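Here is a short briefing on how the strands and helices of this chain are arranged. Keep the structure open as you read.

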Amino acid sequence: MPPGQEPSQLLSKRLFYQGRKFNFEVTRLRLPNQVEGDWECVRHPGGALAVPVTPDGKLVLVRQYRFAAQGRLLEFPAGTVEPNEDPAATVQREIEEETGYRAHRWQKLGEFFLAPGYSDEIIYAFLAQDLEKLELPPSQDEDEDMETILMTPQELEQAIQSGEAVDAKTICSLLLAKPFLEGEGIRS
């Protein structure tokens, strides 16, 4: 059970859309404070994210086109957790597909809700170290349009502070990784 969970009483549920990555439903609930009402929710299986660090202390990110944002966002590599898949397996696959790197050392950073006002999606964040560049990386998914970017932690923080388009899961995961990055002698 995710941290802080206090379930509401389900009174009824209607599925409005079942997609390949998520579902959209409306539920009638009785909240813990006894208020009843209808709430919309995007039901998502969760995502796994890597904060990849090269041996020389650079972060490996992708600049990816996102149709909902109608532009390119700077992000750590991540992907949707498949049914019955361990998030650690998801992130190991995604880092190779999206960046062409393989990590030989992993550290779980934590997990967090991405947008709890309308979705139950949880992001599982991992620190990926001892990276090697793959000679023949796996193919990206057909709908992925991205380029790999290397930045120091300080450069990423400056990009965030200057208003560059950086997604929320990347900002949050950088904060979770910061003690490990500083512990490795990587200055941000």
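Strand 4 (residues 47-52) and strand 9 (residues 122-133) run parallel and are joined by 6 bridges. One of the pairs is Gly47 with Ile123, the latter in strand 9. The model is a predicted one.

**The sheet with strands 4 and 9**
- Strands 4 and 9 belong to an open sheet of 4 strands, ordered 7-4-9-8.
- Pairing in this sheet is mixed.
- Strand 7 (78-80) and strand 8 (101-113) are the edge strands, and each pairs on one side only.
- From one strand to the next, the twist averages 20°.

**The sheet with strands 5, 6 and 10**
- An open sheet of 3 strands follows the order 6-5-10, and its pairing is antiparallel.
- Strand 6 (71-75) and strand 10 (146-151) each have a single partner strand, so one side of each lacks a neighbour in the sheet.
- Neighbouring strands here are turned against each other by 25° on average, direction ignored.
- Strand 5 (residues 59-66) runs antiparallel to strand 6, and 5 bridges join the two.
- Tyr65 has Arg72, in strand 6, as its bridge partner.

**Helices on the 6-5-10 sheet**
- Helix 1 (residues 87-99) lies across strand 5 and strand 10.
- Helix 1 runs at about 75° to strand 5.
- Helix 2 (residues 153-161) also packs on the sheet, where it touches strand 5, strand 6 and strand 10.
- The direction of helix 2 makes about 115° with that of strand 10.

Conventions:
Residues numbered from 1 in each chain as written. Predicted model: local features only at pLDDT ≥ 70, side-chain atom pairs only at ≥ 80, totals over all residues. Heavy atoms only, no water. Pairing = 2+ DSSP bridges. Axes fitted to C-alpha atoms, helices over the stretch in contact; angles between N-to-C directions. Contact = heavy atoms within 4.5 Å.
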